[in-house]
Amino acid sequence: MQNNVLILDFGSQYTQLIARRVRELNIYCEIHPYNNLPDNVSDFKAVILSGSPFSVRGDDAPHPDLSEIRGKKPLLAVCYGAQYLAHFSGGEVAPSNTREYGRANLSFVKEKEQFFENITKGSQVWMSHSDTIKKLPTSAIRLASTSDVENAAYRIEGEETYAIQFHPEVYHSTDGKQLLENFLLKIACVQPDWTPNSFVDTTVLELKNKVGDDKVVLGLSGGVDSTVAAVLLHKAINKNLYCIFVNNGLLRKNEFSAVLKQYEGMGLNVKGVDASARFLDALKGESDPEKKRKIIGRVFIEVFDDESQKIENAKWLGQGTIYPDVIESVSVNGGPSATIKSHHNVGGLPDFMKLEVVEPLRMLFKDEVRRVGASMGLDPELLGRHPFPGPGLAIRILGDITAEKVAILQEVDAIFINGLKAEGLYDKVWQAGAILLPVQSVGVMGDERTYENCVALRAVESTDGMTADWVNLPYEFLQRTSNAIINRVKGVNRVVYDISSKPPATIEWE
Ligand code: XMP
């Protein structure tokens, strides 16, 4: 990988955003924790140091040895990174007296710096720090200040080393992307050659080399990640990829047959396994949300294990793991360390867990997975599908699960989702679904008194599912949907709309 940028993570909440911005410039980059430098540091064309919740003056602060990097390759130090450079190069870092959080405006000390090309005086930047650089190292040249921060940007003379106190990766730094472009393209001369197509070409080649003639087993979920991972593997090893798509009986209406057909149409070697009865049987009488989740997880492993054992000499387990999961697992803030490999050769685990893991998407963000999928010609409807939880409708049926309740909820959900699609609202919503409540209420239909179920509709806007707002769907749409549900779904006589945000509510009801 030639045009590769290394981001050293000091634990900032914004580190992933730096990577996003770099990738948006079509430049490949990797995040590595500051205390675990990759072996091939010399292969990277440029390095970015992230911010950090630590103070450089603290005993437990990250103080990595940068001798392999500093002065040897173009280096951009952000926030903590800038303070770290100053602190260890003869400068002085101290607690700041004034508020240094939020918006600020740049004024340039030196005009015509390549670093600030196409950025005008007064450009808004985002500050978020409690220490400040009081004195620059003697080898440093101040480039910019703000009203509260004298040393907002500097460079080191005789090196391609630049340092900024503000966060270019944050949306509020209006010229942040331009600044990263100036540094990476103009100063570091990194080529912007990382595109979905180039990713597909390199990944397919890598997969061919890695897997060779071995067999790979992969569990398809109907979601974007596992599908794109499967298509990449299929391109690389064709029929040696064995996909398993399990029907847990808790999918949306007709989803199992429709998605299975779609997979077959894509030429994937896929086996559909209808294990609905096994799941429903295991769930019988269970109302506790966490126990329901655990049962579904356990039965899935049993079914997947049974099926993967039927594939003789399978060596690899393909997975749709994406970059945020990987970064989480190597976090410098004490997140769980990367344990994927510890599955190997451990007695007592299901057989498929003893396989080697291959994860073609482990360096991609979610939107990049979609772009890669699109570049391989995947159906836009599949790529735009709302997230759907692994335990499926089980966590949208409050209380115990029966086949009858699943059938009712599938009908309600289909009317809601198809309505969103028909009225052009589906793509404006991040996730939507219906919930069957353990509530019966009195209604009247014709001259008859009814005593039937209540369903809730939920539609949210979000970017990552961590926070979410309920969507202000048009009243007329809600009215039509409610009418359709009550008229067409036997057993439902009342529809409510969930207007809770996350937090304090969650997206799913269980
Ligand atoms: P919550 O309900 O936690 O949901 O606000 C956030 C996002 O995660 C999905 N979700 C799950 N996905 N297994 C999954 O695969 C689960 O057990 C699970 N619980 C919640 C949820 O649909 C939403 O997108």
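Helices here are DSSP runs of H or I with at least four residues, numbered from the N terminus. Strands are runs of E with at least two. Keep that in mind, as I will use those labels throughout. One more thing before we start: this is a predicted model.

Let's begin with helix α7. The helix covers residues 276-283. Which of its residues are buried? They are Ser276, Phe279, Leu280 and Leu283. Now look down the axis. Those four residues span an arc of only 95 degrees, so they sit on the same side of α7. Turn to the other side, and you find Ala277 and Asp281, which are exposed.

What do the buried residues of α7 pack against? Two strands and two helices take part. The strands are β14, at 241-247, and β15, at 270-274. The helices are α8, at 289-309, and α12, at 403-422.

Step just past the end of α7. There you meet glycine 285, with a positive phi of about 80 degrees.

Two other residues have a positive phi, and neither is a glycine. Take asparagine 118. Its phi is near 65 degrees. Find it in the loop between β7, residues 107-108, and β8, residues 124-128. Is asparagine 118 buried or exposed? Its relative accessibility is 59%. The cut-off for exposed is over 50%, so asparagine 118 counts as exposed.

Then there is cysteine 189. Phi is near 55 degrees here. Cysteine 189 sits in the loop between α3, at 176-187, and α4, at 196-211. With a relative accessible area of 45%, cysteine 189 is partly exposed.

Now to the ligand. Which residues are around it? Here is the list: Arg293, Pro389, Gly390, Pro391, Ile395, Trp430, Gln431, Gly465, Lys502, Thr506, Ile507 and Glu508. By type, this shell divides into 5 nonpolar, 4 polar and 3 charged residues.

Zoom in on some side chains. Arginine 293 has a polar side-chain atom 2.6 Å from an oxygen atom of the ligand. For glutamine 431, a side-chain N or O atom is 2.7 Å from a ligand oxygen. For lysine 502, the distance from a side-chain N or O atom to an oxygen of the ligand is 2.7 Å. And how much of the ligand is covered? Taken alone, the ligand exposes 490 Å², and the protein buries 68% of that.

Stay with lysine 502 for a moment. A cis peptide bond joins lysine 502 to proline 503, with omega at about -15 degrees. Move along to the bond from proline 503 to proline 504. That one is cis as well, and omega is near 10 degrees. Where is proline 503? In the segment after β21, the strand at 492-497. Proline 504 is found in the segment after β21 too.

Next stop, helix α2, residues 80-87. How many of its 8 residues are buried? The count is 7, and the helix is mostly covered. The buried ones are Tyr80, Gly81, Ala82, Gln83, Tyr84, Leu85 and Ala86. Several strands help to cover them. Among these are β3 (46-49), β4 (75-78) and β5 (92-95). The cover also includes β9 (131-135), β11 (153-156) and β12 (161-164).

Follow the chain from α2 towards β5. In the loop between them lies serine 89. Its relative accessible area is 19%, and it is buried. Which residues does serine 89 touch, not counting those up to four places away in sequence? Arg70 and Pro137. With arginine 70 there is a polar contact between the side chains, at 3.2 Å.

Last one: strand β11, which we met among the cover of α2. Arginine 155 is in this strand. Buried means under 20%, and arginine 155 has a relative accessible area of 19%, so it is buried. Its side chain makes a polar contact of 3.1 Å with the side chain of glutamate 113. Leave aside neighbours within four places in sequence, and arginine 155 is in contact with Lys110, Glu113, Ser139, Ala140, Ile141, Leu143, Thr161 and Tyr162.

That's the tour. Thank you.

Notes: Residues are numbered from 1 along each chain as its sequence is written. This is a predicted model: local features need pLDDT of at least 70, side-chain atom pairs count only at pLDDT 80 or more; totals for chains, interfaces and linings use all residues. Side-chain values use heavy atoms; hydrogens and water are left out. A residue is near a molecule or strand if one of its heavy atoms lies within 4 Å of it. A polar contact is a pair of N or O atoms within 3.5 Å; within protein, one must be able to donate a hydrogen and the other to accept it, and residues adjacent in sequence count only if both atoms are side-chain atoms. Accessible areas come from the Shrake-Rupley method with a 1.4 Å probe; for residues, only the protein chains shown count as cover. Ala, Val, Leu, Ile, Met, Phe, Trp, Tyr, Cys and Pro count as nonpolar, Asp, Glu, Lys and Arg as charged, and the others, Gly among them, as polar. Buried means under 20% relative accessible area, exposed over 50%, partly exposed in between (1.4 Å probe, protein chains only). The arc is that of the directions from the helix axis to the C-beta atoms. Contact means heavy atoms within 4.5 Å.
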